[in-house]
Amino acid sequence: MAAEKVLRMNPADHEISYANNSFYQKEVLMKVRPIVEEAITYMLKKIGVPTCMKVVDMGCASGPNTFQAISHVIDTVHGLCEQQGLKLPEFEVLLNDLPENDFNSVFKSIPDFYKQKGDLVQERSFIGGVAGSFYHRLFPSTSLHFVHSSNGLHWLSKLLVGLENNKGNICMARSSPPNIFKAYANQFWEDFTNFLSSRSKEIVRQGCMLLTFMVRRNPNPSHEHHCLELLAKSLLDLVAQGIVKEADVDSFNLPIYPPCKEEVVDIVEKEGSFEIKQLQVFVMDIDPLSRDEKVRNKEFYMKMGNNIANTFGAGLEPILCGHFRDAILDELFRKFASHVADDPNRSMHQIVNLVVSLIKK
């Protein structure tokens, strides 16, 4: 099973589509808006306003979030140009994801985006798609000004194999043996180094990257709770019922690695092409809608469990279906929602994120 065939979000026509179940990702974008504005302001002070500003959203997925990110970049540049009496540049906007991504729904959303932004932006923005892994070169040398990626870089470039001793787990977890931690960490080191090296060739000097992705609080991964442990528990429930083979669970390891911030800093410094301008770690509820609920009763927790199950399902169903089969998915995520609702550990309902602003040296 090739990673590029299954590492994708559910398409727009799916019952549990990413477009309709990515409110958490939208909230992350909202959280980092001030840092995006600071990064663009700093970059344009260094390089000036280009005639054509080339912007990339890497791991764009499908649905409205990529247009929210791009809209914010354009609005920030527009505001700076108005303040300084400068002409708004043209924008070449490139939306990147793996080839199996639902690009059709992305492209169908472009007319609505133009309508929302108005004639000036429509006349000066040109949007296209680029299919391919961001762990490789994708663009011409020194052609990009601003690279954005949100909720993408914790996904590894490949499915890890030979980790059958990670019994009872589906990713790096508290009970994983030391070789599992090492295998995941080594793959992230290789992938993130390749990502930085590729972008260093594509971004102009003093150009900027704004990256947001899942991390962990503690450098020691055996001390970290994560909601994916409850998904593993749900799979083991299906093993107990004879629906799933235990060997299939043992051979399944999600290509997701949340590094600690120290790892990220270390890799950036060793690769050497970028300067860290700003770095922050923050925690977000996976179901941000739950913060508005005043009554925390059984109904509330069931609703929260279903929302979190849909959020994970929108991103994990393709890879789960590729390893197991689609017939188990409904029952699997019903159990997952129930385990989330029943778990009192608040950290299981949250994700730790890192946002880092990088300047090309």
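The following conversation goes through the pockets, the cavities and one pair of helices in a predicted model.

Reader: What makes the space of about 720 Å³ a pocket rather than a cavity?

Author: A pocket is an open set of points, whereas a cavity is a set from which a 1.4 Å probe cannot get out. The space of about 720 Å³ is listed as the largest pocket, so by that definition it counts as open. Its lining is made up of 43 residues, and those closest to the centre are Met-9, Asn-151, Gly-152, His-154 and Trp-155.

Reader: Which elements supply at least two residues each to the lining of the largest pocket?

Author: They are α1 (3-6), α2 (23-31), β1 (52-58), α4 (65-84), β2 (90-97), β4 (144-150) and α12 (298-323). Of the elements, α12 gives the most to this lining, with 4 residues. Divided by class, the lining of the largest pocket holds 22 nonpolar, 17 polar and 4 charged residues.

Reader: How do you know which residues count as lining the second largest pocket?

Author: A lining residue must have an atom within 4 Å of a point of the pocket, and 19 residues line the second largest pocket, with Asn-306, Asn-310, Asp-330, Phe-333 and Arg-334 lying nearest its centre. Two or more residues of this lining come from each of α12 and α13 (329-342). The space in the second largest pocket is about 410 Å³, and its lining residues divide into 8 nonpolar, 5 polar and 6 charged.

Reader: Why is α12 called oblique to α13?

Author: The axes of the helices α12 and α13 come within 8 Å and cross at roughly 140°. Angles over 145 degrees would count as roughly antiparallel, those from 65 to 115 as roughly perpendicular and those under 35 as roughly parallel, while the rest count as oblique. The crossing of roughly 140° belongs to none of the three named ranges, and therefore α12 is oblique to α13. As for handedness, α12 passes α13 in a right-handed crossing.

Reader: What makes Asn-306 and Phe-333 part of the contact between α12 and α13?

Author: Contact requires heavy atoms within 4.5 Å, and the residues of α12 that meet α13 include Tyr-301, Asn-306, Phe-312 and Leu-320, while on the side of α13 Leu-329, Phe-333 and Val-340 are among them. By class, this contact has 15 nonpolar, 3 polar and 1 charged residues.

Reader: How many cavities of 30 Å³ or more does a search of the whole structure find?

Author: The search finds 3 cavities of that kind. The largest cavity holds about 210 Å³ of space, and of the 20 residues that line it, Arg-216, Glu-224, His-225, His-226 and Pro-258 are the closest to its centre. Two or more lining residues come from each of β5 (203-215), α9 (228-240) and β7 (350-360), and β7 gives the most, with 3 residues. The classes in this lining are 11 nonpolar, 4 polar and 5 charged residues.

Reader: What makes His-72 and His-148 polar rather than charged when the lining of the second largest cavity is divided by class?

Author: Both residues are in that lining, but Asp, Glu, Lys and Arg are the ones that count as charged, so His falls under polar. Leu-29, Val-32, Arg-33 and Gln-68 are also among the residues that line the second largest cavity, where the classes come to 5 nonpolar, 3 polar and 1 charged. Its space is about 60 Å³, and the largest share of its lining, 4 residues, comes from α4.

Definitions and conventions. Residues are numbered from 1 along each chain as its sequence is written. This is a predicted model: local features need pLDDT of at least 70, side-chain atom pairs count only at pLDDT 80 or more; totals for chains, interfaces and linings use all residues. Side-chain values use heavy atoms; hydrogens and water are left out. On a 1 Å grid over the protein atoms alone, a cavity is a set of points where a 1.4 Å probe fits but cannot get out, and a pocket is an open set with protein on both sides within 12 Å along at least five of seven lines; lining residues have an atom within 4 Å of a point. Grid points are joined across faces, edges and corners, and a volume is the space filled by probe spheres set on the points. Axes are lines fitted to C-alpha atoms, for helices over the stretch in contact, and angles run from 0 to 180 degrees between N-to-C directions. A crossing is left-handed if the near helix is turned anticlockwise from the far one by less than a right angle, and right-handed if clockwise.
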